[in-house]
Amino acid sequence: MIIIFINIVILSLIVAYFLLKKHLDNKRLQASYAARLNPDWVEILEKKMSLYKVLPADLKELLHGHVNYFLETKSFYGHDGQEITDEIKVTVAGDACLPVLMREDPIYPDFDTIFICPDHYVRTEHEMIDGVLDQVTRKSVGVSWLNGPLLLAWRYASYGSSNKTDGQNVTLHEFAHKLDGENGATNGLPILRNDEDYDDWNVVMTKEYANLCERVDSRANKVLDKYGATSPAEFFAVATEAFFEKSVKFKKRLPDLYQLLANYYELDPAQWHLDYREQLRLERQSLRS
Ligand SMILES: [Zn+2]
């Protein structure tokens, strides 16, 4: 009888712990979103994150809340002598939060560590080559470990963030892998909102991945980087980079894939780019008159 009683007490304490943790997490989430983003950090976003410039005002506000929460819940560590600065943290947070702009649940809940190295991350791996175990040296500009940390080479993350139209943004790429892995496997199929979305995803992704593999070096492929032909997981990450950065061309050339990603991210970046171009045109016009 006493043992049953003790078990019930222990179970109750465990449940109470998790309920309290959830309550505190929710409080923290609300406080981060309610707090104003530090003006110095807004300045960093304006200076470093080129996609920030094209964001509509209401989405900038949403991004600020996510950046606050992201910086409160993620830890940055320098690797290979890299010093961690506010510029690095805020720039990475800005790009990382773009794909999850419309999410209401805690963002990127499965990991909390981000390593930053100055240049390529070089690692040695063991691999079977022609039946013989060999050592292979690999260089990466970013790595996302499933349910584990994420690594970015600052030189490339910085350049990728500063150019909003070349379709190269390693931060967007690695965080797309993080979203992809939320269901326990990095395979190009993230968790979708509705059951009926999976059929569409399967049809469109399979078709467009096959198209890229077929035309990888042809002039017909002007939107997606050929690295996307490596695997369905890389295809999703590469398509995410292009979706945000080459969105006008993407929407025109690959409308089905664009719509699929627009539904998934609940965003229409092509419209941001068009509105921004129009805004620049009107500003130039008013300066001339
Ligand atoms: Zn990748």
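This note sets out numbered points on the predicted model shown above.

1. Overall architecture. The chain contains 12 helices and six strands. Its C-alpha trace extends over about 85 × 60 × 50 Å along the principal axes. Of the 289 residues, 35% are buried. Among contacts with a sequence separation of 6 or more, 67% join residues 24 or more positions apart.

2. Ser32 in helix H1. Ser32 belongs to helix H1, which covers residues 2-34. With 20 other C-beta atoms within 10 Å, Ser32 is buried; the criterion is 20 or more such atoms, so Ser32 meets it exactly. Leaving aside residues up to four places away in sequence, Ser32 touches Gly65, Asn68, Tyr69 and Glu72. For the pair Ser32 and Gly65, a sequence separation of 33 residues goes with a C-alpha to C-alpha distance of 6.2 Å.

3. Packing of H2 against H5. Two packed helices are described by the angle between their axes and the distance between the axes. For helix H2 (residues 39-48) and helix H5 (residues 86-97), the angle is about 70 degrees and the axes are 9 Å apart. H2 is therefore roughly perpendicular to H5, since angles of 65 to 115 degrees are classed in this way. The crossing of these two helices is right-handed. On the H2 side the contact involves Asp40, Trp41, Ile44, Leu45 and Lys48, and on the H5 side Asp86, Glu87, Val90, Thr91 and Gly94. By class, the residues of the contact of H2 with H5 are four nonpolar, two polar and four charged.

4. Packing of H8 against H11. Helix H8 (residues 197-214) and helix H11 (residues 255-265) cross at roughly 135 degrees, and their axes come within 10 Å. H8 and H11 are accordingly oblique to each other. Their crossing is left-handed. H8 contributes Asp200, Trp201, Val204 and Glu208 to the contact, while H11 contributes Asp256, Leu257 and Leu260. The contact of H8 with H11 has four nonpolar and three charged residues, and no polar ones.

5. The buried side of H6. In helix H6 (residues 154-162), the buried residues are Trp154, Ala157, Gly160 and Ser161. These residues lie on the same side of H6, because they cover an arc of only 130 degrees around the axis. As general background, an α-helix has 3.6 residues a turn, so residues three or four places apart point the same way. The elements that cover the buried residues of H6 include H2, helix H3 (50-54), H5, strand S2 (113-117), strand S6 (150-153) and helix H7 (170-180).

6. Burial of H7. Helix H7 is mostly covered, with 11 of its 11 residues buried. Its buried residues include the charged or polar side chains Glu174, Lys178, Asp180, Thr171, His173 and His177, alongside Val170, Leu172, Phe175, Ala176 and Leu179. The cover over the buried residues of H7 includes H5, strand S5 (142-144), S6, H6 and helix H9 (232-245). A reader inspecting the model may wish to view H6 and H7 together, as H7 is among the elements covering the buried residues of H6, and H6 is among those covering the buried residues of H7.

7. Positive phi at Asn147. Asn147 is not a glycine, yet its phi is positive, at about 55 degrees. The residue is located in the loop between S5 and S6. Asn147 is exposed, with 11 other C-beta atoms within 10 Å; the limit for this class is 12 or fewer.

8. Positive phi at Glu266. Glu266 likewise is not a glycine and has a positive phi of about 55 degrees. Glu266 is placed in the loop between H11 and H12. It counts as exposed because it has 11 C-beta neighbours inside 10 Å.

9. Ala270 in helix H12. Ala270 is part of helix H12 (residues 269-288). Ala270 is partly exposed, having 19 other C-beta atoms within 10 Å; a residue is classed as buried at 20 or more, so Ala270 falls outside that class. Apart from residues up to four places away in sequence, Ala270 touches Ser247, Val248 and Lys251. The C-alpha atoms of Ala270 and Asp105 are separated by 25 Å, and the two residues are 165 residues apart along the chain.

Key. Residues numbered from 1 in each chain as written. Predicted model: local features only at pLDDT ≥ 70, side-chain atom pairs only at ≥ 80, totals over all residues. Helix = DSSP H or I, 4+ residues; strand = E, 2+ residues; numbered from the N terminus. Contact = placed C-beta atoms within 7 Å. Axes fitted to C-alpha atoms, helices over the stretch in contact; angles between N-to-C directions. Parallel < 35°, antiparallel > 145°, perpendicular 65-115°, else oblique. Left-handed = near helix turned anticlockwise from the far one by under 90°. Arc of directions from axis to C-beta.
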